[in-house]
Amino acid sequence: MAYITLRDVQLAFGGPALLDGANFNLERGERVCLIGRNGEGKSTLLKLIDGTLQADQGEVLIQNGLSISMLTQDVPMDSGRVADIVADGAGEVADILRQYNQASDACVMGDMQACEHMGDLQHKMDQFDGWSLDTKVNTILAKMGLDPDADLADLSGGRKRRVLLARALLTQPDILLLDEPTNHLDVESIEWLEKFLLEQNNLTLLFISHDRSFVDRLATRIVELDRGTLRSYEGNYSRYLELKAQQMEAEEKQNALFDKKLAEEEAWIRQGIKARRTRNEGRVRALKDLREESKARRSQQGKVNMGVQTAQRSGKLVFDIENLSVSYDDTQLIHNFSSVVMRGDRIGLVGDNGVGKTTLIKAILGDIAHTGEVKTGTQLEIAYFDQLRNQLDLENTVANNVSEGSDFIDINGQRRHILSYLQDFLFSPERARTPVKALSGGERNRVLLAKLLVKPSNLIVMDEPTNDLDMVTLELLEEMLSEYKGTLLLISHDRAFMDNVVTSTWVFDGKGGIAEYIGGYQDYLAQRPSITPTTVKKDSPKAEKSNATQKTKLSYKDQRELEQLPQEIEQLEQEQAQLTDKLADGSWFIKDAEAATLASQRLSDIEEQLLEKLERWDALDSK
């Protein structure tokens, strides 16, 4: 018998049914990933299984004696001792143990009533085998690398997830339900979670995730919730894509045949009595059935129609970053970082939570104080996607957030009504008039994307854009960014997204250092140095001093060139700024077209010279 069985389950909350005669089996030892578009009802299905919700119709059958634990996607902000929070996973016995410890402490202080109460609590501890709970808690915390005495409020999002997972696994459940376990985790934490779950023998998993790398590595089967129906696909996510494409093609052919037959019958019924000769009552009834079936048919949900407004091209140089450092209190987040960002670069920022990825972006954009220098290129038009969604007014509607109160917006020279534009992002007119605070996390991200892409840009900055987005929207966003002609700075923990979008990667070591690698996340893994004891031994202080001495040995000519280059670059940048200002309003072309054309050509020459000199400066400086 299957661990979990759903038979003809029906569930709705006023609109189209989230589960419409759904059927599903979960067998022992399976690791099943539940996928589907935002709002399809995936989290609702998990709540049906763990008993939080009840179905309107149908059966949810769970094999007798099975224990189920659920890890929700919400990370608590509460404070509390980690060991106590994990122990809560044991239920009533955890409360008895806590009372016993409190009574014991009070008894030591001379509270005789507490001493008497300890006797009753000791009996309950024996009854529930509560004495072993402390051992179990400490064992699982050690396994997960967590401090039992730490305060939950002081931990990072990734560490809080570990605490919740430890609590869920404390009683060694037969089935573990995970709702978006990788959300807001850094790459290191995601890879740790993958490894940990794969090492759990006999653990049956049912999990929701939009992280394709995580799903690919973990899932033994994919189950898709699509328009109220559950469809099963054996294998991982890559295999699902192949099978899904075949199914979609078959469904489209079937719908086309149905629509053709319906159109023929509608034409026949309109012909009139004489044209039809005799009235065929059976055919009339069949047409009525076809009409009802057509009304009941739920079409595939549309895809987000994502397009970016491109501003005029920026200068070839976007940012020249020299010895940039940022400190908070006594902690140096970024130490002497130098790099050059050119037009068309797509750079991914990778590192643990809290190492300074967002801080570096803000320092480069001039939003926070820093030491060192950042030279910004010309004609930059920036669109910023904020991971905290601070750009959204939660009390205002979706439409007003995107259009800022206007009924119309301009998209690449075309005037469009805001409600029409928002339909490209899967917001119906009714949903577009909904306050943002009523939306799910995935919907809020779509609002922010819609707002971001209204603005013409040649530099897009994205801080965790993939959180809460479904896989279809993720893939469309990938496609758009891959074709974007401007420059991209991207912070993301989605490894597949990074691999498909970025051309180079900045990796933070957590100690202020940032290393640059060509390619995406997998390319970084292949290129990163492996430090062995032998390597460490070779890099002695004496050797480092010798290497440093060797690096500074330039010829007299090269040394003079290196000293003069900053002044030459600065002069070119000043001339570039002056010409850009003079050409900005177009009036020069009216007054003196020949001179303005020559100035425009000179501007292009300056960009090329700047690029050559910056590359030469970088080459000499690295020696």
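Here are some numbered notes for a first look at this structure, which is a predicted model.

1. Start with the whole chain. It has 623 residues, and 44% of them count as buried. There are 24 helices and 20 strands to find your way around. If you take contacts between residues at least 6 apart in sequence, 69% of them join residues at least 24 apart.

2. A good landmark is the open sheet of six strands, which runs β5-β6-β7-β3-β8-β9 with mixed pairing. Its edges are β5 (68–71) and β9 (229–234), each of which has a pairing partner on one side only. From one strand to the next, the twist averages 20 degrees.

3. At one end of that order, β8 (residues 221–226) and β9 run antiparallel and are joined by six bridges. To find the register, look for Arg-221, whose bridge partner in β9 is Glu-234. As a reminder, strands in a sheet pair through backbone hydrogen bonds, in a parallel or an antiparallel way.

4. Arg-221 also turns up in the surroundings of Asn-25, together with Ala-2, Ile-4, Thr-5 and Glu-30; these are the contacts of Asn-25 once neighbours within four places in sequence are set aside. Asn-25 itself sits in strand β2 (residues 19–26). Its side chain makes a polar contact of 3.2 Å with the side chain of Thr-5. The C-alpha atoms of Asn-25 and Ala-2 are 6.2 Å apart, although 23 residues separate the two along the chain. Is Asn-25 buried or exposed? Neither label fits: at 37% relative accessibility, Asn-25 counts as partly exposed, because that class covers the range between under 20% for buried and over 50% for exposed.

5. Now the inside. The largest nonpolar core has 52 residues, and Leu-165, Leu-176, Leu-197 and Phe-207 are the ones with the most contacts within it. Take Leu-165: leaving out residues up to four places away in sequence, Leu-165 touches Leu-71, Met-144, Leu-176, Leu-178, Trp-192, Leu-193 and Phe-196. There is also a second, separate core of 44 residues, with Val-436, Leu-439, Tyr-484 and Val-507 among its members. Nonpolar side chains do tend to be buried together in soluble globular proteins.

6. Helix α7 (residues 187–198) is worth a look next. Its twelve residues reach 17 Å from first C-alpha to last, close to the 16 Å expected at 1.5 Å a residue. Buried in α7 are Val-187, Ser-189, Ile-190, Leu-193, Glu-194, Phe-196 and Leu-197. Two of these, Leu-193 and Phe-196, are among the residues that Leu-165 touches.

7. Which residues surround Ser-209? Not counting residues up to four places away in sequence, Ser-209 touches Cys-33, Leu-34, Ile-35, Glu-180, Thr-182, Phe-214, Val-215 and Met-471. Ser-209 lies in the loop between β7 (204–208) and α8 (212–218), yet it is buried, with a relative accessible area of 0%. A polar atom of its side chain lies 3.1 Å from the backbone nitrogen of Asp-211.

8. Met-471 leads us to helix α17 (residues 471–483), where 13 residues reach 19 Å between the first and last C-alpha, close to the expected 18 Å. Met-471 is one of the buried residues of α17, along with Thr-473, Leu-474, Leu-476, Leu-477, Glu-478, Met-480 and Leu-481.

9. Elsewhere, β10 (residues 317–328) and β11 (residues 331–342) pair antiparallel over eight bridges. They make a hairpin with two residues between them, and Asp-329 in the turn has a positive phi of about 55 degrees. Tyr-328 is bridged to Thr-331 in β11.

10. Leu-317 of that hairpin is in contact with Glu-573, as are Lys-375 and Leu-610, leaving aside neighbours of Glu-573 within four places in sequence. Glu-573 belongs to helix α22 (residues 556–583) and counts as buried at 18% relative accessibility.

11. Finally, two more positive phi values to check by eye. Most residues other than glycine have a negative phi. Gln-379 has a phi near 60 degrees; it is placed in the loop between β13 (371–376) and β14 (382–385) and is partly exposed at 27%. Leu-426 has a phi near 70 degrees and is found in the loop between α14 (418–423) and α15 (429–432).

Definitions and conventions: Residues numbered from 1 in each chain as written. Predicted model: local features only at pLDDT ≥ 70, side-chain atom pairs only at ≥ 80, totals over all residues. Heavy atoms only, no water. Pairing = 2+ DSSP bridges. Helix = DSSP H or I, 4+ residues; strand = E, 2+ residues; numbered from the N terminus. Axes fitted to C-alpha atoms, helices over the stretch in contact; angles between N-to-C directions. Expected span 1.5 Å × (residues − 1). Buried < 20%, exposed > 50% of the residue type's maximum accessible area, 1.4 Å probe, protein only. Core = buried A, V, L, I, M, F, W, Y, C linked by side-chain atoms within 4.5 Å. Contact = heavy atoms within 4.5 Å. Polar contact = N/O pair within 3.5 Å; in protein donor to acceptor, adjacent residues only side chain to side chain.
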